[in-house]
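Dear colleague,

I am passing on the structure we talked about, and below it you will find what I found when going through it. Please keep it open beside this message as you read.

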Amino acid sequence: MANKGVGITITQHILNQQRENPAATGGFTTLLNELIVAAKVISREVNKAGLVDILGSTGRTNVQGEQVQKLDIFANQIIIERMQHIGQLCCMGSEEDPDLIDIPSQYPKGDYIIVFDPLDGSSNIDVNVSIGTIFGIYKRKGEENRIDFLLDHVLQPGKNQVAAGYFIYGSSTMMVYTTGGGSGVHGFTLYPSVGEFLLSHENIQIPEKSKTYSVNEGNYAYWDEKTVALVDYLKSIDKVNGMPYTSRYVGSLVADFHRNLLKGGLFMYPADKKDPKKPSGKLRLMVEANPLAMVAKEAGGYASDGTGPILDIQPNEFHQRVPLFIGSRKDVEMAEEFISGKRGE
Ligand code: AHG
Ligand code: MN
Ligand code: MN
């Protein structure tokens with residue numbers, strides 16, 4: 001029953017989920033709550049950054065007299081500062097850090113691992129387009145505490161995530177997360193006047209088929225023939241199967257994914273030959289594809305690298321990239337047919 005006036009807060013929702021899990025110790029609740037504090041700080045800074053742009057650069061410096069850092073570095077530091085002291089983590093992995101992030105010795109370690117993209121779509125902030133933060137949470141595989149032995153505990157397939165989700169800083173700030181196992185995907189909207197994330201989208205289900213595709217067509221000349229055949233098909237006239245689809249591409253993965261999660265859609269970042277150092281495309285397995293793949297699956301959708309489930313991939317290195325086809329299940333399965341060569345209209 002929603003409380004009078006504010007509805008169900010994210011804290012209440014997490015506690016309800018904790019109560020349903022007899023083994024829960026409250027550590028996970030502490031972890032999520034501190035992550036939410038970090039997101040509130042990032043949200044405030046994202047909006048202020050927009051304001052600064054309108055007012056022109058004021059050359060802001062912070063209390064230590066440092067130049068204000070780039071937003072994605074700022075977001076990265078905020079998350080690390082908030083998470084390192086809670087005693088629930090054995091280490092962290094960030095898109096912005098080449099190596100794993102250890103927990104300072106003055107703080108106790110815990111059994112969880114958080115991997116994150118602190119600010120996704122950051123190239124869009126200066127044009128006020130929605131951006132976000134993506135996170136995935138794992139349990140370490142044993143009692144190991146030493147950072148130089150923990151990489152093996154971090155490089156787990158995405159299906160091992162105990163929770164995953166994202167924050168989107170857009171026309172409103174939202175948090176969308178799941179703890180898997182059929183618990184569903186739930187969305188919460190930040191009410192600035194209350195300072196709380198309130199339940200606004202309970203048990204999100206992604207339509208199994210859509211009419212929308214999202215891809216950067218500027219890479220067309222760098223795709224292989226199977227990818228070209230897929231995208232050409234999506235643009236062809238095939239009334240029986242609802243083609244042509246509508247194209248929607250924001251350039252922030254979180255924003256494109258969130259729209260497709262709510263309304264249905266097929267997001268693609270295929271492999272391309274644009275950069276020999278990135279033959280698998282631009283998106284990262286650990287901090288972008290895996291967390292969103294867990295959300296998609298839990299909402300009835302699917303995520304593939306074009307040949308099979310993203311969540312089954314055994315990572316070899318933390319920053320490895322992966323082709324990503326994610327969203328409405330039937331659309332992703334169709335994409336797999338093209339990319340695996342089974343189909344080639
Ligand atoms: P990030 O800002 O974390 O580096 O992520 C940017 C990613 C993702 O948000 C988006 O889908 C993709 O870059 C867009 O890439 P293109 O500009 O190559 O389409
Ligand atoms: Mn990103
Ligand atoms: Mn990023």
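**Strands β5, β6 and β7**

Strand β5 (residues 173-178) runs antiparallel to β6, and four bridges join the two. Please bear in mind from the start that this is a predicted model, so some parts deserve more caution than others, since coordinates should not be read in detail where pLDDT is low.

One of the pairs to look up is Tyr-177, whose bridge partner in β6 is His-186. Strand β6 itself covers residues 186-191, and five of its six residues are buried, which leaves the strand mostly covered. On β6 there is also pairing with strand β7 (residues 196-201), again in the antiparallel sense, over five bridges, and here Tyr-191 has Glu-196 in β7 as its bridge partner. Four residues lie between the strands in the hairpin of β6 and β7, where Gly-195 takes a positive phi near 75°. As you look along these strands, it may help to remember that in a regular strand the side chains alternate between the two faces of the sheet.

**The two manganese ions**

Which residue bridges the manganese ion (ligand 2) and the manganese ion (ligand 3)? It is Asp-117, and the two ions lie 3.7 Å apart. For the manganese ion (ligand 2), the protein donors are Asp-117 (OD), Asp-120 (OD) and Glu-288 (OE), at 1.9 to 2.1 Å from the ion, and along the chain they follow the spacing D-x2-D-x167-E. Distant parts of the chain are linked in this way, with Asp-117 in strand β2 (residues 112-120) and Glu-288 in helix α7 (residues 285-298), 171 residues apart.

Are these two residues buried or exposed? Asp-117 counts as buried because its relative accessibility is 0%, and Glu-288 is buried as well, because its relative accessible area is 1%, where the cut-off for buried is under 20%.

The manganese ion (ligand 3) is coordinated by Glu-95 (OE), Asp-117 (OD) and Leu-119 (O), at 2.2 to 2.3 Å, and the spacing of these donor residues in sequence is E-x21-D-x1-L. Leu-119, like Asp-117, is buried.

**Ligand 1**

Some of the residues just named turn up again here. Ligand 1 is surrounded by 17 residues, of which the closest are Asp-120, Gly-121, Tyr-249, Leu-253 and Tyr-269. A polar side-chain atom of Asp-120 lies 2.7 Å from an oxygen atom of ligand 1, while for Gly-121 a backbone N or O atom lies 2.8 Å from an oxygen atom of the ligand. Leu-119 has a polar backbone atom 3.3 Å from an oxygen atom of ligand 1.

**Helix α5**

Helix α5 (residues 225-234) is mostly covered, with seven of its ten residues buried, among them Thr-227, Val-231 and Leu-234. The elements that cover these buried residues include β8 (212-214), β10 (266-269), β12 (324-327) and α8 (329-339). At the N-terminal end of α5, Asp-224 acts as a cap, with a side-chain oxygen 3.1 Å from the backbone nitrogen of Lys-226.

**Where to be careful**

The mean pLDDT of the protein is 91, and 92% of its residues reach 70 or more. There are nevertheless stretches to treat with caution, including residues 53-58, where pLDDT stays under 50 and the model has four contacts beyond four places in sequence. Over residues 62-68 pLDDT also stays under 50, with seven such contacts.

With best wishes

How values were computed:
Residues are numbered from 1 along each chain as its sequence is written. Chains are lettered from A and ligands numbered from 1 in the order in which they are written. This is a predicted model: local features need pLDDT of at least 70, side-chain atom pairs count only at pLDDT 80 or more; totals for chains, interfaces and linings use all residues. Side-chain values use heavy atoms; hydrogens and water are left out. pLDDT is the predictor's confidence in each residue, from 0 to 100. Contact means heavy atoms within 4.5 Å. Donors are N, O and S atoms within 2.8 Å of the metal (3.2 Å for Na, K and Ca); water is not among the atoms, so sites may look incomplete. Buried means under 20% relative accessible area, exposed over 50%, partly exposed in between (1.4 Å probe, protein chains only). Two strands pair if DSSP finds at least two bridges between them. A polar contact is a pair of N or O atoms within 3.5 Å; within protein, one must be able to donate a hydrogen and the other to accept it, and residues adjacent in sequence count only if both atoms are side-chain atoms. A residue is near a molecule or strand if one of its heavy atoms lies within 4 Å of it.
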